[in-house]
Each structure stands twice: as C-alpha cells, then as structure tokens.
Amino acid sequence: MTRRQARQRSDMALAIRELIQANNEAAQGLARRLDVNATDALALDHLLSSADGLGPTELGHRLSIRSASATTLVDRLQAAGHARRIPHPSDRRRQTVVATEKAYEEVRAALEPLIDRIEQAGARLTPEQAATTATFLREVAAVMRDYAREQR
C-alpha cells in the first residue's frame, strides 16, 4: 500500500468515525426534541423500523437491557403515547409492541430539519457522485452490521 493509499484510507476511516460520532450526537438531539431519554429514543427507532412491531423481550435484546427494564421502558413509551401493546398475531400468550401514529408524526417532525439539510448536502453532488456515495454508505452500513454480529 502506498502512502497515498494509506492516507486516503485514513481520511476515509476518520470521516466515517466522525459520521458515527455525529449520528450519536443527533440521536441525543432527537431524544431532547422528543422529551425522552436516549434509551427510549433508541427503542422508538427500533419500533418505527419494524413493520410488525417487536415483542418486549426482543426490544430488550436489541437495547441490551434486561426483561424487567424493557417492560418498564414499554410502560413509559405507552404512557407517553408513543407505543402500544397489541396481541401477537400467532401466539395469543405474547404481546407485540408497535409505535403509534403519534410517534411517527413526532419523530418525522423532529427529524425533518435534519433530513432537509442532508438532502441539501446531497443536492450539491452530481448524480454519479450521489449514486456512488449511497452505494458506499450502504456497504459501510453492512460492514458495521456484520461487525456488530461477530463474536469475539
């Protein structure tokens, strides 16, 4: 690897690291705008991203919290009007937690300024640059998901 390649790799890695840090900061900002704590905001993200909802235990696993804590979290989200429990579609002994329309609307409104600014940044790229960037970011996301699933 040449020095230039090493420098490019380093610049790219640093840029991705900066993006990850900025994402964490944006998540904190979203939590403040929604007037919830960071864990509740992350839970909402999982619920909003799941078309069929999640069981409280699955939500707890995704957040790395215990079952009792997940139940308390779901209670908080439900009291705030952000989530509701519904019967599981195939197992009447279980419940599924889904985001409410209120949660969708509040998160959409809170994220709209951020998304608009991201779209503005993207509009400064050529169509080819935008396509290449989108492909690259999806590949990075896949690598990060693989890393997260790997065992030590």
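**Exercise 1.** Identify the buried residues of helix H4 and determine how they are arranged around its axis.

*Solution.* The buried residues of H4 are Ala70, Leu73, Val74 and Leu77, where buried means under 20% relative accessible area and exposed over 50% (1.4 Å probe, protein chains only). Their arc around the axis is only 100°, so they lie on the same side of H4; the arc is that of the directions from the helix axis to the C-beta atoms. On the face turned away from this buried side, H4 carries the exposed residues Ala68 and Ala79.

This is a predicted model, in which local features need pLDDT of at least 70, side-chain atom pairs count only at pLDDT 80 or more, and totals for chains, interfaces and linings use all residues. Residues are numbered from 1 along each chain as its sequence is written, and side-chain values use heavy atoms, with hydrogens and water left out.

**Exercise 2.** Compare the expected span of H4 with the distance between its end C-alpha atoms.

*Solution.* Helix H4, a DSSP run (H or I, at least four residues) numbered from the N terminus, has 13 residues, 67-79. The expected span is 1.5 Å times one less than the number of residues. This gives 18 Å, and the end C-alpha atoms are 18 Å apart, which agrees. After H4 comes Gly81, whose phi is positive, near 80°.

**Exercise 3.** State what covers the buried residues of H4, and list the contacts of Leu77 beyond four places in sequence.

*Solution.* The cover includes helices H2 (38-48) and H3 (56-63) and strands E1 (83-87) and E2 (95-99). Leaving aside neighbours within four places in sequence, Leu77 is in contact (heavy atoms within 4.5 Å) with Asp40, Ala43, Leu44, Leu47, His82 and Ala83.

How values were computed: Helices (H or I, at least four residues) and strands (E, at least two) are DSSP runs, numbered from the N terminus.
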